[in-house]
Amino acid sequence: MKISIFIKKLIIVILGFLLNTAAIANEEAKYDVVLKTSIYEIRFYTERLIVESIYNNDSGTFRKLFKYISGANNSSQKIEMTIPVTQIKKNNTNFMQFILPAKFNKETIPIPSNSDVKISIIEEGYFAIIKYSGRSSDKNFIKYSKILQEKLLKDKIVIKGFPIKATYNGPFTLPLVRRNEAMFNIKWKN
C-alpha cells in the first residue's frame with residue numbers, strides 16, 4: 001500500500017515537472033546579444049509594445065493583465081501570452097507588464113476594457129541582464145540586481161533607471177528550473 005501511494009506521488013511530481021518546466025508562453029521578446037561575460041550579458045532590444053498596470057504586490061495586477069489578453073478589450077480578441085512578464089519602477093510607481101506579440105502595432109492592438117490597464121511602448125535600447133533560477137521573490141531579485149549593479153559599475157557601464165524583474169515561468173514550475181532575470185537599461189556604445 002505504501003509503495004502504491006509513493007508511486008502515485010512520484011508520478012504526480014514527474015507530471016508536474018514536465019508540464020510546468022516550460023516557459024509560461026510561446027513568443028519571447030526578440031533581442032541580440034552584443035556582449036557576454038561570465039556574470040552578465042548585454043542585449044539590444046528593438047521597440048516593444050506592452051500592456052501594463054500599476055503593481056501593488058498582489059495577484060490582482062496579473063489578473064487584470066491576463067483578463068486583457070483573454071479578451072477583456074474592445075474587440076474581445078484573445079492575445080497569446082509572451083515572455084517575460086516584467087516588473088519595473090517608473091516615476092516612483094511599480095508596474096507589471098506583459099510584452100505583446102510582435103504581430104501587433106500601435107494601430108492594430110486592441111484597447112483594454114479596464115481603465116487600469118494601459119498600452120505602452122518600451123523604446124529600443126541596450127539592457128544588461130543577469131540570469132538566475134529559483135523563486136521569483138523580491139529577495140532573490142534584489143540579491144541579483146545588486147550583483148549586476150556592482151559588476152556594471154566596476155565595468156564602468158552607465159545604468160539608466162531602476163532594475164527590472166523578468167519572469168519566464170509559471171508559478172508551479174520547480175524553482176530549480178525556473179528562468180528569472182534582473183536587468184538594467186544601460187548606456188552602451190558598440
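This report walks through the fold of a predicted model, from the whole chain down to single residues.

## The chain as a whole

Let's start with the inventory. The protein chain holds 3 helices and 11 strands. Following the sequence, these elements come in the pattern α-β-β-β-β-α-β-β-β-β-β-α-β-β.

The chain has 190 residues, and 39% of them count as buried. Among contacts with a separation of 6 or more, 71% are between residues 24 or more positions apart. The protein chain exposes about 11,500 Å², with carbon and sulfur atoms supplying 58% of that area.

## The open sheet

If you have the structure turned towards you, the sheet is a good place to settle. It is an open sheet of 9 strands with antiparallel pairing, and the order across it is β2-β3-β9-β11-β10-β6-β7-β4-β8. At the edges stand β2 (31-36) and β8, each with a single partner strand, so one side of each has no neighbour in the sheet. On average, neighbouring strands of this sheet are turned by 35 degrees against each other, direction ignored.

## Strand β3 and its two partners

Strand β3 covers residues 41-45, and 5 of its 5 residues are buried. Both faces are covered: Glu-41, Arg-43 and Tyr-45 are buried on one side, and Ile-42 and Phe-44 are buried on the other.

What joins β3 to the strands beside it in the sheet? Towards β2 there are 5 bridges, and the two strands run antiparallel. A hairpin of 4 residues makes the connection between β2 and β3, and Val-33 stands opposite Arg-43 of β3. Towards β9 there are again antiparallel strands, joined by 5 bridges; here Phe-44 stands opposite Tyr-126 of β9.

## Ile-129 in strand β9

Ile-129 belongs to strand β9, which spans residues 125-132. Is Ile-129 buried or exposed? With a relative accessibility of 1%, Ile-129 counts as buried, because the cut-off for that class is under 20%.

The list of residues that Ile-129 touches, leaving out those up to four places away in sequence, is Ile-39, Tyr-40, Glu-41, Arg-43, Tyr-45, Leu-148, Glu-181, Ala-182 and Met-183. Glu-41, Arg-43 and Tyr-45 of that list also make up one of the buried sides of β3.

On the β11 side, β9 runs antiparallel to strand β11 (residues 180-186), and 7 bridges join the two. Met-183 is the bridge partner of Ile-129 in β11. Ala-182 is 53 residues from Ile-129 in sequence, yet their C-alpha atoms are 5.8 Å apart in space.

## Thr-86 in strand β6

Further along the sheet, Thr-86 sits in strand β6, residues 85-90. Thr-86 has a relative accessible area of 5%, and is therefore buried. Beyond residues up to four places away in sequence, Thr-86 touches Phe-95, Met-96 and Gln-97, and also Ile-164, Lys-165 and Ala-166.

## Helices against the sheet

Helix α2 packs on the sheet, where α2 touches β4, β7 and β8, and its direction makes about 30 degrees with that of β7. Which residues of α2 (residues 60-69) are buried? They are Gly-60, Thr-61, Leu-65, Tyr-68 and Ile-69. The cover over these buried residues includes β4 (48-54), β7 (93-99) and β8 (118-122). Just after α2 comes Gly-71, with a positive phi of about 125 degrees.

Helix α3, residues 138-154, lies across β9, β10 (159-167) and β11. The helix runs at about 40 degrees to β11.

## A nonpolar patch on the surface

Finally, have a look at the outside. Leu-174, Leu-176 and Val-177 make a nonpolar surface patch of about 270 Å². Val-177 is located in the loop between β10 and β11. Its relative accessibility of 33% makes Val-177 partly exposed, because that class lies between the 20% and 50% limits.

Technical notes
Residues numbered from 1 in each chain as written. Predicted model: local features only at pLDDT ≥ 70, side-chain atom pairs only at ≥ 80, totals over all residues. Heavy atoms only, no water. Buried < 20%, exposed > 50% of the residue type's maximum accessible area, 1.4 Å probe, protein only. Contact = heavy atoms within 4.5 Å. Areas by Shrake-Rupley, 256 points an atom, 1.4 Å probe, with all protein chains shown as cover. Pairing = 2+ DSSP bridges. Axes fitted to C-alpha atoms, helices over the stretch in contact; angles between N-to-C directions. Patch = residues over 30% accessible without salt bridge, like charges linked within 9 Å, V, L, I, M, F, W, Y side chains within 5 Å. Salt bridge = Lys/Arg side-chain N within 4 Å of Asp/Glu carboxyl O.
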